[in-house]
Amino acid sequence: MEENQKQVLIGKRLYAAICNFERSREAREEYYSIMDTQIENRGKQQTIREQVLRVYAMLFCDDLGMEEGLPAGPDEVEATADRLYIGTAGFDPDHWYRMKYHFPVIDEDNYDRFAALVLSDLKAGPLHEAVVNDGDMLLVGEKNPLLMTLEERESQQLRKIDLV
């Protein structure tokens with residue numbers, strides 16, 4: 001599969017399927033169909049799910065001590081999900097990525113869906129539009145923002161993620 005075809009799979013259709021996953025059987029079927037699609041990456045067969053989890057690990061799990069090139073698992077996605085902010089570090093649904101997209105629990109059943117949501121949003125969702133039109137970006141904060149005070153959260157070291 002060509003690179004352009006892979007990018008289409010991790011795009012608007014995947015984003016829409018994830019956003020409607022809880023409400024629609026068709027959306028769930030679409031999600032699983034896309035995530036289980038076999039692709040070739042550097043001469044190796046893998047699924048879109050495997051690629052999503054590898055990219056997620058590369059972008060968001062670099063300080064967790066993971067071996068380079070390994071996919072993120074449920075523990076890694078759960079450990080990093082609360083570190084993602086849209087635009088500014090805050091403790092509200094408008095700025096905290098996980099809260100905005102209603103993922104109260106990240107576990108074995110949905111960690112890959114959360115990782116795919118983040119990447120498809122960056123590639124083709126409202127976050128992509130916000131980057132292009134408003135200059136907002138996905139920010140990755142320090143470990144354990146839930147344990148920080150408001151002042152600590154506002155002054156933490158943040159790094160920007162931009163896939164545009």
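This is a short chat about the aromatic pairs and one helix of a predicted model.

User: What cut-offs apply to this model?
Analyst: It is a predicted model, in which local features need pLDDT of at least 70 and side-chain atom pairs count only at pLDDT 80 or more, while totals for chains, interfaces and linings use all residues. Residues are numbered from 1 along each chain as its sequence is written, and side-chain values use heavy atoms, with hydrogens and water left out.

User: How many aromatic pairs are there?
Analyst: The count comes to eight aromatic pairs, where rings of Phe, Tyr and Trp (its six-membered ring) pair if their centres lie within 6.5 Å, and planes under 30 degrees apart count as stacked, over 60 as edge-to-face and the rest as tilted. One of them joins phenylalanine 21 and tyrosine 31, edge-to-face at 5.4 Å centre to centre with 85° between the planes.

User: Where do phenylalanine 21 and tyrosine 31 lie?
Analyst: Phenylalanine 21 lies in the loop between helix H2 (12-19) and helix H3 (25-35) and tyrosine 31 in helix H3, so the pair ties together parts that are ten residues apart in sequence; helices here are DSSP runs (H or I, at least four residues), numbered from the N terminus.

User: Is phenylalanine 21 buried or exposed?
Analyst: Phenylalanine 21 counts as buried because its relative accessibility is 7%, given that buried means under 20% relative accessible area, exposed over 50% and partly exposed in between (1.4 Å probe, protein chains only).

User: Switching topic, which residues of H4 are buried?
Analyst: In H4, the buried residues include Ile48, Val52, Leu53, Tyr56 and Phe60.

Note on methods: Helices (H or I, at least four residues) and strands (E, at least two) are DSSP runs, numbered from the N terminus.
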